[in-house]
Amino acid sequence: MNKLVKKRVFIPLIALSFLVMGSGFIKSDFFEIAKQIEIFTTLFKELNMNYVDETNPGELMDTAIKNMLNDLDPYTKFLNEQDVETYRINNTGEYSGIGAVVRSFDDRLLIIEPYRDSPADKAGLKAGDEVIKIGDIEVSDFDDNASELLKGANNTTVDVTYKRQGKTQTTTVTRGSIEIDAVPYYKMADEKTGYIVLSKFNSKASSQTKAALLDLKGQGAEKIILDLRGNPGGLLSEAINVTNLFVPKGELIVTTKSKVKKFNQQYKTKNKAIDTEIPVVVLIDGSSASASEIVSGSLQDLDRAVVLGARSFGKGLVQRPMKLTYGTQLKVTISRYYTPSGRCIQSLDYWNRDEEGHAVKNTTFKNFKTKNGRNVQDGGGVLPDLEIEAVKANDMTKALMHNLVVFDYATKYYYENQLEDVANFKFSDTDYTGFKNFVNASSFSFETDTEKTLKEALAKDEAIFGNSLKDDYSKLLAQIQQGKITALGAHKKEIQKKLEDEIVKRYFYRDGLYDYYLQNDQAILVATSLLADHTKYQGILK
């Protein structure tokens, strides 16, 4: 059945049926819900019984539900049994599989990152390998996410056929128990400064951060850098517990507000802090979201840490899984959260969209006061106290990452260059020129907002103004295209950092990348310098 037809038929009805998951409705709401459920049930039955061709009720329902939820925010999702298991893994950090980040794209299934000493690593799989066959199943013939076929019970084996640099190879991987640490790395940055990477907020986040903090203090750390860059968030409770390591018991960290009264709550710290005095710098970037923003935002509001890096993602929404039938769940946005100063850092307004249906980005911000009276703002993520240029994101860098251009270049670099020691790695100007040539020779392209507007205007006005206007538009579009190539030079710092990150991981895994950071990462170097200058550090907070 045509997908558009399915969407038109089912969305208005199925949308209403799921409203029963909430609470706090008046009596007339319940009547309307019951009415629409009855209409939908009879429609669904009659359609599947009488439609001219064979229908698949499961696929029809799945399409209806997912398209309905697409009209809400991107965090409200229907989880089938497989999705529920993935959700559990993300929260616990434990599963059985091959031990690698594997992602499915439109045209290929790629090994993104094998973990050091994991089953995938021991079997010889590398980042950039394209998996084409798992056991007897061709990836191209598999409708669902083929990466799920790599999971399985401990000590079971799976044959993996893959392409590497144009050559087809096969290896056998013995699956094992995989534990994903919330804190994959911590180390002394100098004699008095400890560095902790907190990469996700699963159930291990606060306990592992606490253990790292105590160990570093035992090694002589008198200052701490907490790195939340790239951390997409996770459990709200763990965000509060991590913050609690640095602030005393009874401190308000988060307030949640909802239309459902029982979800209106205040969350305060419940435990004795590890250290309420040790100077702290928190590192964030555009990929630091949700729980990362609770930690960074609350420590900023309480003037307990200096926040450094780039503006965070801006996710001020809280989700909760609601159990449905047959092992499925609805992960639904139940409330907005607010930091101690009273600000909500939600960046996109999913309830007020533009003409094309896109969420509107907040551009006007309100001022709030930290504990010491400093100005902070809402509505656009957490803005650092000190911004670092190389950490900032831009459309060009995002497009290069999204289209795997940086990833593919790192693969090429790895097989063309020998590197024995991370201390000897340096990405030179000559290397960057090679990258620009790689981009020019690739099929990489992305459309700027200006291009989109011009093309729409051209399509609308061409019939009125004729070829002369079309020629002018074409010349302008060509200039914009050339400008995008020029932008590779203008955004060199940001792009080169992404390249260095991806390349170093190929040779020395993620712990090698963090070793490299301690000597070369601009944000860490600035943070270390700031912490060494007590007067400047305190001056920012006061």
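**Note on two buried polar residues and a cavity**

1. Glutamine 319 counts as buried, because its relative accessibility is 19% and the limit for that class is under 20%. The model under review is a predicted one, and this assignment should be read as a property of the predicted coordinates.

2. Glutamine 319 belongs to strand β17, which spans residues 317–323. Two side-chain partners can be named for this residue. The side chain of lysine 315 forms a polar contact with that of glutamine 319 at 2.7 Å, and the side chain of threonine 333 forms another, at 2.9 Å.

3. Once neighbours within four places in sequence are set aside, the contacts of glutamine 319 are Tyr75, Lys331, Val332 and Thr333. Thr333 thus appears in this list and also as a polar partner through its side chain.

4. Threonine 161 sits in strand β7, residues 157–164. Is threonine 161 buried or exposed? With a relative accessible area of 13%, threonine 161 is buried.

5. The surroundings of threonine 161, residues up to four places away in sequence not counted, consist of Glu130, Val131, Ile132, Lys133, Thr168, Gln169 and Thr170. One of these, threonine 170, is joined to threonine 161 by a polar contact of 3.4 Å between the side chains. Threonine 172 lies 11 residues from threonine 161 in sequence, with a C-alpha to C-alpha separation of 8.8 Å.

6. Turning to internal space, how many cavities of 30 Å³ or more does the whole structure hold? The search finds one. The space in the largest cavity amounts to about 120 Å³.

7. The lining of the largest cavity is made up of Ile112, Glu113, Pro114, Asp121, Lys126, Ala127, Tyr414, Glu502, Lys505, Arg506 and Tyr509. Strand β4 (109–114) and helix α13 (492–520) each contribute at least two of the lining residues. Helix α13 provides the largest share, four residues.

8. Which classes of residue make up this lining? Six lining residues of the largest cavity are charged and five are nonpolar, with no polar residue present.

9. On confidence, the protein has a mean pLDDT of 88, and 88% of its residues reach 70 or more. Residues 1–23, however, have pLDDT below 50, and in the model this stretch makes 48 contacts beyond near neighbours in sequence. Predicted coordinates should not be read in detail where pLDDT is low. The 48 contacts of residues 1–23 should therefore be treated with that caution.

Key:
Residues numbered from 1 in each chain as written. Predicted model: local features only at pLDDT ≥ 70, side-chain atom pairs only at ≥ 80, totals over all residues. Heavy atoms only, no water. Buried < 20%, exposed > 50% of the residue type's maximum accessible area, 1.4 Å probe, protein only. Polar contact = N/O pair within 3.5 Å; in protein donor to acceptor, adjacent residues only side chain to side chain. Contact = heavy atoms within 4.5 Å. 1 Å grid on protein atoms, 1.4 Å probe; cavity = no way out; pocket = protein on both sides within 12 Å on 5 of 7 lines; lining within 4 Å. Points joined across faces, edges and corners; volume = space filled by probe spheres on them. Nonpolar A, V, L, I, M, F, W, Y, C, P; charged D, E, K, R; others polar. pLDDT = per-residue confidence, 0-100.
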